[in-house]
Amino acid sequence: MRTNEAVQFVFEGSIRSDSFVGFARHRAARLDLHLTLGPCQDDRVALAIRGQNDLVDAFEMACSLGPQDCIVHD
């Protein structure tokens, strides 16, 4: 059974918001997830993601690792 989950994330750290947002958009598209951006700054990016639960978990893991020019602390 496929269930959908709407989750809000705030990723914090040494983040280049333009790079991180591009990375998040690409990962969301690859995982067939719906992404909505929230406020973005150089130390945090907020976003909401909706889709299949397992894929939302995969998205969270990918974004926690982040693009190579960003360091996610929390």
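**Notebook: salt bridges, rings and a hairpin**

I began with Glu-12, whose relative accessible area of 27% makes it partly exposed, because the buried class ends under 20% and the exposed class begins over 50%. I note at once that the model I am reading is predicted.

**Entry 1: Glu-12 and its partner**

I looked up the partner of Glu-12 and found a salt bridge with Arg-44. The closest N and O atoms of Glu-12 and Arg-44 are 2.4 Å apart, which is a salt bridge because the cut-off is 4 Å. I then placed both residues: Glu-12 belongs to strand β1 (residues 4-14) and Arg-44 to strand β3 (residues 44-52), so this pair ties together parts that are 32 residues apart in sequence. Arg-44 is partly exposed as well, and I recorded its relative accessible area as 34%.

**Entry 2: Arg-16 and two acids**

How many salt bridges does the count come to? I found 3, and I turned next to Arg-16. Arg-16 forms a salt bridge with Asp-18, with 3.7 Å between the closest N and O atoms. This distance qualifies because it lies within 4 Å. Asp-18 is exposed, at a relative accessible area of 56%, whereas Arg-16 is partly exposed, at 43%.

I also checked Asp-69, whose side chain meets that of Arg-16 in a salt bridge of 2.4 Å, N to O. Asp-69 sits in the loop between α2 (53-65) and β4 (71-72), and Arg-16 sits in the loop between β1 and α1 (17-30), so the pair ties together parts that are 53 residues apart in sequence. For Asp-69 I noted a relative accessible area of 32%, which is partly exposed. Through shared partners, the salt bridges join Arg-16, Asp-18 and Asp-69 into one network.

**Entry 3: The aromatic rings**

I turned to the rings and found that the count of aromatic pairs comes to 3. In one of them, the ring centres of Phe-9 and Phe-59 are 6.4 Å apart and their planes stand at 40°, so I entered the pair as tilted. Phe-9 is part of strand β1 and Phe-59 is part of helix α2, so the pair ties together parts that are 50 residues apart in sequence. Are these two rings buried or exposed? Phe-9 counts as buried at 10% relative accessibility, and Phe-59 counts as buried at 0%.

Another pair joins Phe-11 and Phe-20, with 5.4 Å from centre to centre and 50° between the planes. I entered this pair as tilted because its angle is neither under 30 degrees nor over 60. Phe-11 and Phe-20 are both buried. I drew these residues together on the page, since ring pairs link Phe-9, Phe-11, Phe-20 and Phe-59 into a cluster.

**Entry 4: Strands β2 and β3**

Last, I looked up how strand β2 (residues 34-40) relates to β3, and found that the two pair in the antiparallel sense over 5 bridges. Which residue of β3 is the bridge partner of Thr-36? I found Ala-48 in that place. Strands β2 and β3 form a hairpin, with 3 residues between them. I added a reminder for reading such strands: in a regular strand, side chains alternate between the two faces of the sheet.

Definitions and conventions: Residues are numbered from 1 along each chain as its sequence is written. This is a predicted model: local features need pLDDT of at least 70, side-chain atom pairs count only at pLDDT 80 or more; totals for chains, interfaces and linings use all residues. Side-chain values use heavy atoms; hydrogens and water are left out. Helices (H or I, at least four residues) and strands (E, at least two) are DSSP runs, numbered from the N terminus. Buried means under 20% relative accessible area, exposed over 50%, partly exposed in between (1.4 Å probe, protein chains only). Rings of Phe, Tyr and Trp (its six-membered ring) pair if their centres lie within 6.5 Å; planes under 30 degrees apart count as stacked, over 60 as edge-to-face and the rest as tilted. Two strands pair if DSSP finds at least two bridges between them.
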